[in-house]
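Let's take a friendly tour of a protein's insides. Have a look at the structure below, and then we'll go through it topic by topic.

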Amino acid sequence: ERSSSPDDRDAAVAAYREGAEHIGSSALTRQEAAVQWALLVVSKGPSDYLPAFEIVYELLPQVAWLGQTIQRRFLQLPQIEGLTRVAVAACIRDDNLNRAVQWFEHGRAVIWSQVVQLRAQFDGLKGRDSDLAERLHSTSQALASIAAETSRETYSVKRLFENREHLSDQRHTALALEYDTLLTKARALEGFQNFLLPKGVA
């Protein structure tokens, strides 16, 4: 049974915020805490909900993970879209239109942006670190090949989000982790901090 006590609500907000900001936790655990934190404070002002949604959208690409087939990623869309509607509505209500557009585009594009990343050209990176670029390219090609395979399994959205970390294809998972590591190395290079990241609103 849920309590309507302001003290209980404040305690819940504090607990979810602590969970969302705990960098030692998994991306999934942090995002789930951030979502609950955001939903509890979204009716308040921007200073209350902006930090929560910032964490949600910061972690979204990791939670809609490259270690899943395209079919499984698309099954995530209803939850992503629903959350994005809430975030965008709050920003519009508070006349924060730039942020509303940014979050709308981010939520809509996160899965497609991963597909684009898998097929991206690495010409700029090749000029800086040809070995890293080649490893990224070969890993992305391998991931694209696996992701293109049609899965015969049917997953409900609820089951997908509850079991996101359980993947039957271990090679797929290993490739996704390798890709993420290589991408981090590329973004550590001077001038490549935003390499393959979605563009925000100026």
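Leaving out residues up to four places away in sequence, which residues does Thr 84 touch? Keep that in mind as you read, and remember that what you're looking at is a predicted model.

**Thr 84 and its surroundings**

- Here's the answer: Thr 84 touches Tyr 57, Trp 103, Phe 104 and Gly 107, once residues up to four places away in sequence are set aside.
- To find Thr 84 in the picture, go to helix α5.
- Thr 84 counts as buried because its relative accessibility is 6%, and the cut-off for buried is under 20%.
- With Tyr 57 there's also a polar contact: the two side chains are joined at 2.9 Å.

**The largest nonpolar core**

- Tyr 57 and Trp 103 turn up again here, since they are among the residues with the most contacts inside the largest nonpolar core, along with Trp 37, Tyr 49 and Phe 53.
- That core has 31 residues.
- Five helices give two or more residues each to this core: α1 (6–21), α2 (27–41), α3 (46–63), α5 (77–93) and α6 (97–118).
- Helix α3 supplies the largest share, with ten residues.
- Zoom in on Tyr 49 and you'll see that it touches Val 41, Val 42, Lys 44, Ala 90, Cys 91, Arg 93 and Asp 94, again not counting residues up to four places away in sequence.
- There's a second, separate core too, and its 16 residues include Leu 136, Leu 175, Leu 183 and Leu 189.

**Aromatic pairs**

- Searching the whole structure turns up four aromatic pairs.
- One of them is Tyr 49 with Phe 53, an edge-to-face pair with 6.2 Å from centre to centre and 75° between the planes.
- Why are Tyr 49 and Phe 53 about one helical turn apart? Because they sit four residues apart in helix α3.
- Tyr 49 counts as buried because its relative accessible area is 0%, and Phe 53 is buried as well, at 0% relative accessibility.
- Phe 192 and Phe 195 make another edge-to-face pair, with 6.0 Å between centres and 70° between planes.
- Are Phe 192 and Phe 195 buried or exposed? Both Phe 192 and Phe 195 are buried.

**Putting it together**

- Tyr 49, Phe 53, Tyr 57 and Trp 103 belong to one aromatic cluster.
- Two members of that cluster, Tyr 57 and Trp 103, are already familiar as contacts of Thr 84.

Key:
Residues are numbered from 1 along each chain as its sequence is written. This is a predicted model: local features need pLDDT of at least 70, side-chain atom pairs count only at pLDDT 80 or more; totals for chains, interfaces and linings use all residues. Side-chain values use heavy atoms; hydrogens and water are left out. A nonpolar core is a set of buried Ala, Val, Leu, Ile, Met, Phe, Trp, Tyr and Cys residues joined through side-chain atoms within 4.5 Å. Buried means under 20% relative accessible area, exposed over 50%, partly exposed in between (1.4 Å probe, protein chains only). Contact means heavy atoms within 4.5 Å. A polar contact is a pair of N or O atoms within 3.5 Å; within protein, one must be able to donate a hydrogen and the other to accept it, and residues adjacent in sequence count only if both atoms are side-chain atoms. Rings of Phe, Tyr and Trp (its six-membered ring) pair if their centres lie within 6.5 Å; planes under 30 degrees apart count as stacked, over 60 as edge-to-face and the rest as tilted.
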